[in-house]
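Hello,

Here is the structure I promised to pass on. Have a look at it first, and then read my notes underneath.

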Amino acid sequence: MGVLIENCKFRFIAVVFFLTITACTGKKEDKGSIQWKQEVVKETNQDFKIEDYPLVFRRTTLIVRDIKKSLALYQDVLGMEIIYDKILIRKHPEKDQDHEVRLVFLKATNSYYGVLGLMEYSYNDPSKFIKPIRKEGFTAQNSVLLFNTNDLEGRFEKIKNTAGVEIITAPTLREYPSYDGKGVIRVKVSIFYDPDGFLVEFNEPQDKINVEK
């Protein structure tokens, strides 16, 4: 009887150990594990040092018409976090006077790379010149901002009701060749114009993305 009890104890400990290792390594590919992985990325990326790399792609900055409308999308709806928000005083390009420029940086998961900048020239100037919004789609000289999420359906409802946003494609399942060319990567994709006519792809990967060939 004593041997049987010891064996049961051993099996119980082994099961607990296995479940612990499985949870820590993120083996389970569900919503919870995806969120867990994102939190790990947020923690480990704090150790990033620019001196360790010969080239770092830090930021894309958008010149916008109304930075408050842009923040209503990128901060309030998409959930980016403001890490820099300053008013710069610059010489007016057409008048002999100074004017305000507001510059904002937002992060998704890291404060040093993958950052989105928003800049509004002639901030708080009602007489500023504003170019027409050009929604030219996927043509040359236009860019596409791409975001991954683990809750596309939930966030898309807020996106489509945001002022100035125009939906091009509602969430749709697409397939892309994998990096090694041996399989496919399934991605649920939505595409829209932001308030300034910049293209945004907001998607949710359905498969693990392995960039190693």
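**A buried asparagine and what surrounds it**

Asn110 is buried, with a relative accessible area of 2% (buried means under 20% relative accessible area, exposed over 50%, partly exposed in between, with a 1.4 Å probe and protein chains only). Before I go on: this is a predicted model, in which local features need pLDDT of at least 70 and side-chain atom pairs count only at pLDDT 80 or more, while totals for chains, interfaces and linings use all residues. Residues are numbered from 1 along each chain as its sequence is written, and side-chain values use heavy atoms, with hydrogens and water left out.

Asn110 sits in the loop between strand 3 and strand 4 (helices, H or I of at least four residues, and strands, E of at least two, are DSSP runs numbered from the N terminus). What does the side chain of Asn110 reach at 2.6 Å? The partner is the backbone nitrogen of Tyr112. A polar atom of the Asn110 side chain also lies 3.2 Å from the backbone nitrogen of Tyr113. Both are polar contacts (a pair of N or O atoms within 3.5 Å; within protein, one must be able to donate a hydrogen and the other to accept it, and residues adjacent in sequence count only if both atoms are side-chain atoms).

Now to the sheets. Strands 3 (residues 98-107) and 4 (residues 115-120), on either side of that loop, pair in the antiparallel sense over five bridges (two strands pair if DSSP finds at least two bridges between them). Across this pairing, Leu106 stands opposite Leu116 in strand 4. They belong to an open sheet of four strands in the order 1-4-3-2, with mixed pairing. Strand 1 (59-63) and strand 2 (81-91) are at the edges with a single partner strand each, so one side of each has no neighbour in the sheet. From one strand to the next, the twist averages 20 degrees (axes are lines fitted to C-alpha atoms, for helices over the stretch in contact, and angles run from 0 to 180 degrees between N-to-C directions).

Helix 3 (residues 67-74) lies across strands 1, 2, 3 and 4, at about 160 degrees to strand 4 (contact means heavy atoms within 4.5 Å).

Another open sheet of four strands has the order 5-8-7-6, again with mixed pairing. Its edge strands are strand 5 (144-148) and strand 6 (166-177), each pairing on one side only, and its twist averages 25 degrees from one strand to the next. Strand 5 and strand 8 (residues 199-205) run parallel, joined by five bridges, and Leu145 stands opposite Val200 in strand 8.

Helix 4 (residues 152-159) lies across strand 6, strand 7 (184-193) and strand 8. Leu152, Phe156 and Ile159 are buried in helix 4. They cover an arc of only 55 degrees around the axis, which puts them on the same side of helix 4 (the arc is that of the directions from the helix axis to the C-beta atoms).

Finally, the largest nonpolar core has 22 residues, with Tyr74, Leu78, Leu118 and Phe147 making the most contacts inside it (a nonpolar core is a set of buried Ala, Val, Leu, Ile, Met, Phe, Trp, Tyr and Cys residues joined through side-chain atoms within 4.5 Å). Its largest share, four residues, comes from helix 3. Leaving aside neighbours within four places in sequence, Tyr74 is in contact with residues including Leu62, Leu116, Leu145 and Val200.

Best wishes
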